[in-house]
There are 2 protein chains.
Amino acid sequence: MVEALVQQVLAGERRALARVISLVENGEPEGYEALRLLYPHTGRAHSVGLTGSSGSGKSTLAGALARELRRRQRSVGIVAVDPSSPFTHGALLGDRIRMQELTSDPEIFLRSMATRGSLGGIASATAQVVAVLDAAGKDAVLIETVGAGQDEVEIAGAAETTVVVNTPGTGDDVQALKAGILEIADILVVNKADQPGADTLVHLLQAVVSRGGDERAIPVLKTVATSGDGIAELVDAIDEHRRYLRESGQLEWHRLAQARHQVLALARHELLARVLRATEENGQLDELVGAVAQRDLDPYSAARRLIESAGGGAGGGARPAR
Amino acid sequence: MVEALVQQVLAGERRALARVISLVENGEPEGYEALRLLYPHTGRAHSVGLTGSSGSGKSTLAGALARELRRRQRSVGIVAVDPSSPFTHGALLGDRIRMQELTSDPEIFLRSMATRGSLGGIASATAQVVAVLDAAGKDAVLIETVGAGQDEVEIAGAAETTVVVNTPGTGDDVQALKAGILEIADILVVNKADQPGADTLVHLLQAVVSRGGDERAIPVLKTVATSGDGIAELVDAIDEHRRYLRESGQLEWHRLAQARHQVLALARHELLARVLRATEENGQLDELVGAVAQRDLDPYSAARRLIESAGGGAGGGARPAR
């Protein structure tokens, strides 16, 4: 059954795609099985992170990018990880119409991720959904994140190219500088560039960027996502960045870092799952948790006792986790 | 040496407190040892989460709350987890002066957390810092978070009382509703209540809250953090909520949930640390990661092989992590 589903995903069938993504998101065993079978078919798509605060218009920008990519005959996946994204919740009427336009194109696949629910692992889950879209043959996968919080920075870091979206006049520019979001930017965009203050913000960002002293100059581009102004130039800059990644060997390095991240995240989950299964029957967890809540035991000692009672975990040793 | 440091923390010495928090934040073995010794002294402080978007003025509100709590002879810890918080990065001159006023009071301890760096665990690290401040005798610990992203929601969930901060005229209100942030609110605040649209927002929030049908009505309060208007009423509402938690038995329930969360997070970290130590010498991790980056192996199988090569983990079994 999973094999048939995987074949349908590889053939680009939308319903199978949606189905497999749900299985993956919910952590179903069939989802992992599907991913295992799909994985050899990954590694082709260009993953592009779009990061910016809630008012920056990055959903509209993602839509505009998708349309421009389609104009260039490329298929597109969009993964929205921002809980306040209009992709996630629907929004103003204008946005809805623009979105319907997007979702009626069979070569665009839009998915919003639930950012709450299962403990941890949203960055890992996002990477898995991107892998499914990659295997399904999408040429580009756009990942929309809000860019505040460590998870979101990790998600953005998973993209090969990260576009940080700023807007004039919100004070967000200064906050982006402070929060260190610029450090993850491969391309800077001033969206809503028809609004007052856009040129000032462009100059500010250029000044910051030129201080970096990296071998590659980070481009600062102006866009008006609602009208499409500057979007073709942004796609050109994204393509240019991928060329740079390939030629400089950084793509290889990025893939190793991503693989390491994924393997460790999955190992961590698997290890805990094994301990919980092993201690399911003896009631150890509830007992230890009760003692911690009562302050009879500290959480570190409780964690260690839980591991010992499940059979010691791998390696053993008395040193605490770091 | 750790014992001496712990004694100084229990005596309320600021430098020892700062030192122990750094050890904890950096995941040093001495930090865990200190926490183990401090843990029996925790469970007294009232932890209060302040959640809202970057423009909501929640840092100023935290400062105003701290001053009002001091007026009531209570000692205060403030933990800022928002990377764009003025507590973290300094900000406008007015804020700086207000902050210096705060930090010159020996009974107020202010700390901002680094939200990037070590993989995962910011919610867990925040809970640990709160525990240190609790053991050091702080009556209240205010936790400032940006309220977007799963980590931030988890951090807010760690507080006994969660205050969600809204501001009129930013459209943030609607986003809060959409993002489900209201679900975690024990108290709703409309800050900057002297600005246009404040009453509309209050009515909107009251309408939403009254639909909830919970046994406890969620209060909607107006504040002007810069002038101090409404702050005494907010402290009253926070105290009232704690009384409610105690009397309804929910405090007990909350502590069990928190303890469970902490024990599982620490077990997960410890288990991975053990696997990494066990595979440190044989180069297994690098080999597996390389194979995944090359698409010769999928990350799930790699994670499982890593665990097996370290001695199988606890319990074993072929079922994947969920």
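Start with the largest nonpolar core, which has 184 residues. Select Val132(A), Leu142(A), Val263(A), Val132(B), Leu142(B) and Val263(B): these have the most contacts inside that core. Keep in mind as you click around that this is a predicted model.

**Stop 1: Val263(A) and its partners in chain B**

Stay with Val263(A) and show what surrounds it. Beyond its neighbours within four places in sequence, Val263(A) is in contact with Leu288(B), Val289(B), Val292(B), Pro299(B), Ala302(B), Ala303(B) and Leu306(B).

Now widen the selection to two helices, α12 of chain A (residues 250-278) and α13 of chain B (residues 284-293). Their axes come within 8 Å and cross at roughly 115°. The crossing of α12(A) past α13(B) is right-handed. On the α12(A) side, pick out Arg255(A), Leu256(A), Ala259(A), Arg260(A), Gln262(A) and Val263(A); facing them from α13(B) are Leu288(B), Val289(B), Gly290(B), Val292(B) and Ala293(B). Colour this contact by residue class and you will find seven nonpolar, two polar and two charged residues.

**Stop 2: the sheet of chain B**

Next, show the strands of chain B. Seven of them form an open sheet with parallel pairing, in the order β3-β2-β4-β1-β5-β6-β7. Which strands stand at the edges? They are β3 (108-112) and β7 (220-222) of chain B; each has a single partner strand, so one side of each is left without a neighbour in the sheet. Look along the sheet and follow the twist, which averages 20° from one strand to the next.

Zoom in on the β7(B) end. Here β6 of chain B (residues 187-190) pairs with β7(B) in the parallel sense, over three bridges. A good pair to label is Leu188(B) and Val220(B), since Leu188(B) stands opposite that residue of β7(B).

Then add helix α11 of chain B, residues 231-248. This helix lies across β1 (46-51), β5 (161-166), β6 and β7 of chain B, and runs at about 170° to β6(B).

**Stop 3: two helices early in chain B**

Select α2 (residues 14-25) and α3 (residues 29-38) of chain B. They pack at an angle of about 120°, with axes 7 Å apart, and α2(B) passes α3(B) in a left-handed crossing. From α2(B), Val20(B), Leu23(B) and Val24(B) meet Glu30(B), Gly31(B), Ala34(B) and Leu35(B) of α3(B). By class, this contact has five nonpolar residues, one polar and one charged.

Centre the view on Val20(B), in helix α2 of chain B. Is Val20(B) buried or exposed? Val20(B) is buried, because 30 other C-beta atoms lie within 10 Å. Not counting residues up to four places away in sequence, Val20(B) touches Leu5(B), Val9(B), Gly31(B), Ala34(B) and Val132(B). One of these, Val132(B), is among the core residues you selected at the start. For a distance check, Val20(B) and Leu69(B) are 49 residues apart in sequence and 25 Å apart in space, C-alpha to C-alpha.

**Stop 4: Leu69 in chain A**

Finish in chain A with Leu69(A), which sits in helix α4 (residues 58-71). Leu69(A) counts as buried because it has 24 C-beta neighbours inside 10 Å. Leaving aside residues within four places in sequence, display its contacts: Arg74(A), Val76(A), Ala140(A) and Val235(A). For a last distance, draw a line from Leu69(A) to Pro168(A): 99 residues apart in sequence, they are 26 Å apart in space, C-alpha to C-alpha.

Notes:
Residues are numbered from 1 along each chain as its sequence is written. Chains are lettered from A and ligands numbered from 1 in the order in which they are written. This is a predicted model: local features need pLDDT of at least 70, side-chain atom pairs count only at pLDDT 80 or more; totals for chains, interfaces and linings use all residues. Two strands pair if DSSP finds at least two bridges between them. Helices (H or I, at least four residues) and strands (E, at least two) are DSSP runs, numbered from the N terminus. Axes are lines fitted to C-alpha atoms, for helices over the stretch in contact, and angles run from 0 to 180 degrees between N-to-C directions. Two residues are in contact if their C-beta atoms, placed from the backbone, lie within 7 Å. A nonpolar core is a set of buried Ala, Val, Leu, Ile, Met, Phe, Trp, Tyr and Cys residues joined through C-beta atoms within 7 Å. A residue is buried if 20 or more other C-beta atoms lie within 10 Å of its own, exposed if 12 or fewer, and partly exposed in between; C-beta atoms are placed from the backbone. A crossing is left-handed if the near helix is turned anticlockwise from the far one by less than a right angle, and right-handed if clockwise. Ala, Val, Leu, Ile, Met, Phe, Trp, Tyr, Cys and Pro count as nonpolar, Asp, Glu, Lys and Arg as charged, and the others, Gly among them, as polar.
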